[in-house]
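Subject: The structure I promised you

Hi,

Here is the structure we talked about, with the sequence alongside. Have it open while you read, and we can chat about it afterwards.

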Amino acid sequence: MATKIRLQRGGRKGYAFYRIVIADARAPRDGRFTEKIGTYNPNTNPATVDLNFERALYWVEVGAQPTDTVRSILRHEGVYLMKHLKGGVAKGAFDEDEAQRRFDSWKDAKQKGDEKVRAAEAKAKKDAYEKELKAEKAINENVAKKVAEKKAAAAAAKEEAAAAEAEAPAEA
């Protein structure tokens, strides 16, 4: 039986959410599956992946073939790196502790990169909000000036009318 690691679609229309599943290669996309090993939400930035790392590594090691998207997810999560490091341990290139140390340093660097992306996005959002607020304040000030000018013009017209009325009976 050929086994695939694939995405199974869920979520509402226009807002996809996927489960990462192990399924028979002949099963339809949203059909029966053997095991659910995680979820993938492409709607966040960066995309949110919740993966059972040990089970994903096991299935990759026993020969399950991932789809292209799942392969990139597994690569991004470090499953293929760990498989590679375990191969190095099996060949005697380094020991298990060194493999774990290398994987941990890679994971730390990846998390720092993700934090930078999130921080940059939050800063951009804050800057956009402040720019909008500044523009709205400028518009409100202009409107307030125009209203004050209209009120002043109306008050001046009222005074002129009152002065003209006061002069009219004096002449008569």
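Which side chain meets that of Lys86 in a salt bridge? It's Glu61, with an N to O distance of 4.0 Å. Before you go further, keep in mind that this is a predicted model.

**Salt bridges**

If the idea is new to you: side chains of opposite charge can pair when their charged atoms come close. Back to our pair, then. Lys86 sits in helix α3 and Glu61 in helix α1, so the bridge links distant parts of the chain, 25 residues apart. Lys86 has 35% relative accessibility and counts as partly exposed. Glu61 is partly exposed too, at 40%.

Now look at Glu77, which forms a salt bridge with Lys107; their closest N and O atoms are 3.9 Å apart. Glu77 belongs to helix α2 and Lys107 to helix α4, so this pair ties together parts that are 30 residues apart in sequence. Is Glu77 buried or exposed? It counts as buried because its relative accessible area is 12%, and the cut-off for buried is under 20%.

There's also a network: Glu98, Arg101 and Arg102 are joined by salt bridges that share partners.

Another pair to find is Arg26 with Asp24, where the closest N and O atoms are 2.8 Å apart. The two ends of this bridge are worth checking one by one. Arg26 is exposed, with a relative accessible area of 70%, while Asp24 counts as buried at 18%. In case you want to hunt for others, a search of the whole structure finds 10 salt bridges.

**Strands**

Next, go to the start of the chain. Strand β1 covers residues 3–12 and strand β2 covers residues 15–24, and they pair in the antiparallel sense over 10 bridges. For one example, put your cursor on Arg9: its bridge partner in β2 is Tyr18. The hairpin these strands make has 2 residues between them, and Gly14 takes a positive phi near 80 degrees there.

β1 has another pairing as well. In the parallel sense, it pairs with strand β5 (residues 65–66) over 2 bridges. Here Ile5 has Pro66 as its bridge partner in β5.

**The core**

Ile5 turns up again inside. The largest nonpolar core has 24 residues, and those touching the most other members are Ile5, Leu7, Ile20, Ile37, Leu51, Leu74 and Val79. Which elements give two or more residues to this core? They are β1, β2, β3 (35–41), α1 (53–61), α2 (68–77), α3 (79–91) and α4. Of these, α1 gives the most, with 5 residues.

Leu7 is a good one to click on. Leaving out residues up to four places away in sequence, Leu7 touches Tyr18, Arg19, Ile20, Arg29, Tyr40, Thr69, Val70 and Ile73. You'll recognise Tyr18 as the bridge partner of Arg9, and Ile20 from the list of core residues.

**A patch on the surface**

Last stop: which residues form a nonpolar patch on the surface? Look for Ile139, Val143 and Val147, which together have about 250 Å² of accessible area. Ile139 is found in helix α4, which covers residues 96–171. Ile139 counts as exposed because its relative accessibility is 52%, and the cut-off for exposed is over 50%.

Have fun with it!

Technical notes:
Residues are numbered from 1 along each chain as its sequence is written. Side-chain values use heavy atoms; hydrogens and water are left out. Two strands pair if DSSP finds at least two bridges between them. Helices (H or I, at least four residues) and strands (E, at least two) are DSSP runs, numbered from the N terminus. Patches are made of residues with over 30% relative accessible area and no salt bridge: like charges are joined within 9 Å, nonpolar side chains (Val, Leu, Ile, Met, Phe, Trp, Tyr) within 5 Å. Accessible areas come from the Shrake-Rupley method with a 1.4 Å probe; for residues, only the protein chains shown count as cover. Buried means under 20% relative accessible area, exposed over 50%, partly exposed in between (1.4 Å probe, protein chains only). A nonpolar core is a set of buried Ala, Val, Leu, Ile, Met, Phe, Trp, Tyr and Cys residues joined through side-chain atoms within 4.5 Å. Contact means heavy atoms within 4.5 Å.
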